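Work through the exercises below with the model open. Each task is followed by a solution in steps.

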Amino acid sequence: MASRGFSAENHQPVPFYRNVKILAVLLQIAFVLIVALVFWTLYSNMVAGLRRANIPLGFGFLNLTAGFAISETSIPYGPQNTYARAFIVGVINTLRIAVLGIILATMLGVLVGIGRLSSNWLLRTIAGTYVAIFRNTPLLVQLLFWYVAVILKLPRVRDAVGIEGVILASNRGLVVAWPRATETYGAWVHWLVAAVVAGVAVFVARRLQLARRDRPGAALPYALLAALLLMLIGGVVVAMTTGNSPLRIDQPTLGGFSFRGGATLTPEFFALLLGLVVYTAAFIAEIVRGSIQAVSKGQREAAQALGLSPLQTLRLVIFPQALRIMIPPMTNQYLNLTKNSSLGIAVGFADLFSVSYTILNQSGATVQVILLVMVSYLSVSLLTSFLMNIYNSRMRLVER
Amino acid sequence: MSSTELPVSRLKPPGSSVNALDWLRRNLFNGWLNSLITVLLGALVIWLLYQVLGWAFTTAVWTPIPTNLQILMTGRYPSEQVWRVQICLALLLLLFGLSAGVWGGILRSIASGLAAGALLLAIMPFTLQTRLVLAGLVLLVGAGFIVGSRSRHHMRRLTIALWFASPAIMVVLLRGFVGVPGLPYVDTGLWGGLLLTILLAVVGIIASFPLGVLLALGRRSKLPVVKGFCVGYIELIRGVPLITVLFMAMIMLPLFLPANVRVDNLIRVLVAITLFSAAYLAENVRGGLQSIPNGQVEAARALGLNVFQTTLLIVLPQALRAVIPALVGQFISLFKDTSLVAIVGLAELLGIADIVIEQPAWLTVPHGVHREVLLFVGLVYWIFCFSFAQISRHLETRLGVGTR
């Protein structure tokens with residue numbers, strides 16, 4: 001096409017070895033061939049190696065009896081169950097720590113990030129020191145420190161520290177008071193359903209009202225308040241009519257060598273959660289600080305000129321705008337936290353990776369287990385970024 | 001670029017005389033909420049410091065650290081061969097001194113920081129020999145600086161050549177040769193401690209650099225097959241934890257290779273770290289590539305440069321310059337990530353810490369020495385990562401990323 005400007009008699013057809021289109025196709029074919037060759041060599045080496053080492057191929061091993069116990073399970077599991085079930089226990093444990101960790105790390109990180117911008121010198125310095133310390137040391141060192149040097153060094157159960165009946169910490173873990181269902185819980189469930197419905201209704205109604213008036217305002221607090229109120233009324237009604245409260249607070253008490261009652265966090269879970277939250281929060285704090293600083297100065301000045309208090313300025317003007325900037329880097333931190341939970345193996349927490357490692361050692365199905373682990377982490381990562389992308393695009397719609 | 005001019009924004013505002021009471025009122029007690037925060041936090045900090053310092057100066061047992069300093073630094077590297085590590089360190093410091101002399105700028109700050117660090121260590125209560133070595137290192141930085149700044153033009157080429165040759169020189173020096181009397185072979189299994197940590201991070205970042213650049217270029221390629229492959233690789237590696245890649249290398253790498261090839265553990269770990277780091281590096285480089293305006297490519301093509309020349313001479317130099325701070329950041333996270341090789345059984349700094357903690361000599365200590373040793377190791381990591389973070393920040397302002 002470019003040759004059209006030149007004199008026509010000099011024009012010669014481009015030889016095929018200089019034709020960009022043909023070259024591109026040839027190059028890609030060569031690339032595919034090289035990649036295929038490399039993979040084929042590796043694969044055949046691997047199959048030969050596996051044969052030599054007498055390692056089973058295929059995924060049949062998953063139906064064999066696991067034969068090992070897992071200290072921490074959310075679904076019924078015993079050594080007589082299969083490898084597949086052990087693996088699922090690990091997946092659930094990873095998801096548990098990831099979800100809880102993400103929520104707590106976000107809360108702590110936002111607090112520290114805002115603290116770094118405080119007008120209070122002491123708060124600012126403490127937040128800055130926190131970030132500088134925890135961002136610049138390896139997570140594994142921190143995890144080991146929390147586990148061996150802090151939690152396992154807590155007093156024995158007999159001398160547990162904390163408030164009896166509310167929260168107790170010892171070298172066997174953390175025990176907190178926890179609500180448990182009683183016999184009348186079934187009657188209360190109807191009220192719970194009604195509360196959810198009422199909450200949604202209030203939310204929608206308030207949104208419509210705000211839209212009609214064309215004014216900004218909050219809808220969620222009203223909805224939550226309505227739902228909570230209805231739940232409370234329901235609880236009281238059930239308790240009055242049956243004489244039995246639907247929920248009972250299970251309080252932890254000291255009983256000789258172990259705790260009685262309450263919900264227990266094992267030392268391993270506690271250490272991993274603490275380590276992940278403290279480490280990730282330092283990174284989240286930097287993201288929050290950066291995003292808040294990225295909101296243009298005029299916005300803050302305009303909000304102050306309108307007579308908003310500093311807290312209102314932050315909550316209604318600065319933070320919603322900063323939120324948009326911080327979503328993509330936050331997604332990265334959430335993914336990092338999920339992947340970092342694989343370090344649970346260092347403190348003996350039975351997460352996806354450490355359960356899989358036990359399976360790998362016992363069954364000898366090395367390649368399959370590693371493949372399974374990688375695919376699991378990959379799908380968790382892809383799922384998280386998918387959800388965050390949805391959230392991101394929703395937040396972007398608000399933008400004018 | 002005239003970098004000698006001081007930009008207006010760097011000039012400090014005229015100083016105002018503020019007395020201490022004024023400062024307190026403005027920064028700690030402005031409003032009842034801030035006063036409350038100050039009082040509560042202040043009490044908490046004082047209590048915490050009291051507890052920690054009280055522990056550190058009374059109950060804490062710090063002896064494991066000075067007695068094991070050598071294995072913490074070099075692992076099980078033979079004692080009588082440690083001079084080789086010292087020579088490597090000397091070479092490195094000499095190079096930093098030379099570079100500071102030749103180029104100045106940020107390198108001068110780095111070199112003076114290194115010299116100050118060595119000087120600080122030299123006045124610590126180590127053995128006389130260690131202190132002499134450290135003092136020698138300080139002198140070496142100074143000598144390098146003087147030589148470098150005296151004859152900039154002559155030393156520039158030599159310094160660059162030495163920098164490129166230094167990794168090979170160091171590896172050969174550390175490894176030695178079988179049957180050579182002055183330089184006996186030291187198995188890589190004996191390398192450990194801080195030496196191994198630094199080696200893993202430095203070799204990892206150097207080896208992953210070309211791969212990362214290729215992956216970044218591939219990801220922006222117009223050829224769908226190449227692009228698909230690179231995207232798949234990058235997303236796969238970024239989607240899984242490093243520890244799975246490490247285990248894969250430890251367990252599966254021997255399977256992938258023919259039966260007669262044996263790979264030592266250090267190489268396996270290095271392969272894993274390189275493959276892992278390359279994916280992250282590729283994303284950083286891609287950011288740099290995207291920041292190059294299309295006009296640069298078009299101008300290069302208009303001058304008659306072909307695709308390779310355009311990429312090598314026009315696009316990459318600008319793109320890489322823009323991502324230098326990000327690369328330092330990547331190095332920091334790689335430095336921290338090297339601690340994971342302790343899980344697969346290599347005795348780098350954290351692995352050695354584990355060995356030190358388990359030594360029978362500390363069985364009599366009531367609470368064990370976990371806290372002391374882990375705190376020391378954490379401090380060593382922190383010093384490195386924090387200094388790199390400072391360097392990265394300086395580079396960012398110096399290179400004017402995003403402003404030019």
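**Exercise 1.** State how many residues each chain gives to the contact between chain A and chain B, and find which element supplies the largest share of the side of chain A.

Solution. Step 1: chain A contributes 45 residues and chain B 44 residues, where two residues are in contact if their C-beta atoms, placed from the backbone, lie within 7 Å. This is a predicted model, in which local features need pLDDT of at least 70, side-chain atom pairs count only at pLDDT 80 or more, and totals for chains, interfaces and linings use all residues. Residues are numbered from 1 along each chain as its sequence is written, while chains are lettered from A and ligands numbered from 1 in the order in which they are written.

Step 2: on the side of chain A that touches chain B, two or more residues come from each of α1 (20-53), α3 (121-135), α4 (139-151), α9 (310-340), α10 (344-347) and α12 (366-398) of chain A. Helices (H or I, at least four residues) and strands (E, at least two) are DSSP runs, numbered from the N terminus.

Step 3: α1(A) gives the largest share of that side, twelve residues.

Step 4: by residue class, the side of chain A that touches chain B holds 31 nonpolar, eleven polar and three charged residues. Ala, Val, Leu, Ile, Met, Phe, Trp, Tyr, Cys and Pro count as nonpolar, Asp, Glu, Lys and Arg as charged, and the others, Gly among them, as polar.

**Exercise 2.** Describe the domains of chain B and the contact between them.

Solution. Step 1: chain B is assigned domain 1 (67-186) and domain 2 (192-404), with bounds from an automatic or database domain assignment.

Step 2: taken over C-alpha atoms, the centres of domain 1 and domain 2 of chain B are 23 Å apart.

Step 3: 15 residues of domain 1 of chain B touch 15 residues of domain 2 of chain B. On the domain 1 side, α4 (69-74) and α6 (106-122) of chain B each supply at least two residues. That side divides into eight nonpolar, six polar and one charged.

**Exercise 3.** Is B:Val85 buried or exposed?

Solution. Step 1: locate B:Val85 in helix α5 (residues 82-103) of chain B.

Step 2: apply the cut-offs: a residue is buried if 20 or more other C-beta atoms lie within 10 Å of its own, exposed if 12 or fewer, and partly exposed in between. B:Val85 counts as buried because it has 21 C-beta neighbours inside 10 Å. In chain B, 31% of the 404 residues count as buried.

Step 3: list the contacts. Neighbours within four places in sequence aside, B:Val85 is in contact with B:Thr74, B:Tyr77, B:Leu174 and B:Leu195.

**Exercise 4.** At what angle do α9 and α10 of chain B cross?

Solution. Step 1: the axes of helix α9 (residues 193-219) and helix α10 (residues 224-239) of chain B cross at roughly 125 degrees and come within 7 Å. Axes are lines fitted to C-alpha atoms, for helices over the stretch in contact, and angles run from 0 to 180 degrees between N-to-C directions.

Step 2: α9(B) is therefore oblique to α10(B); angles under 35 degrees count as roughly parallel, over 145 as roughly antiparallel, 65 to 115 as roughly perpendicular and the rest as oblique.

Step 3: α9(B) supplies B:Leu215, B:Gly218 and B:Arg219, which meet residues of α10(B) including B:Phe229 and B:Tyr233. The residues of this contact are seven nonpolar, one polar and two charged.
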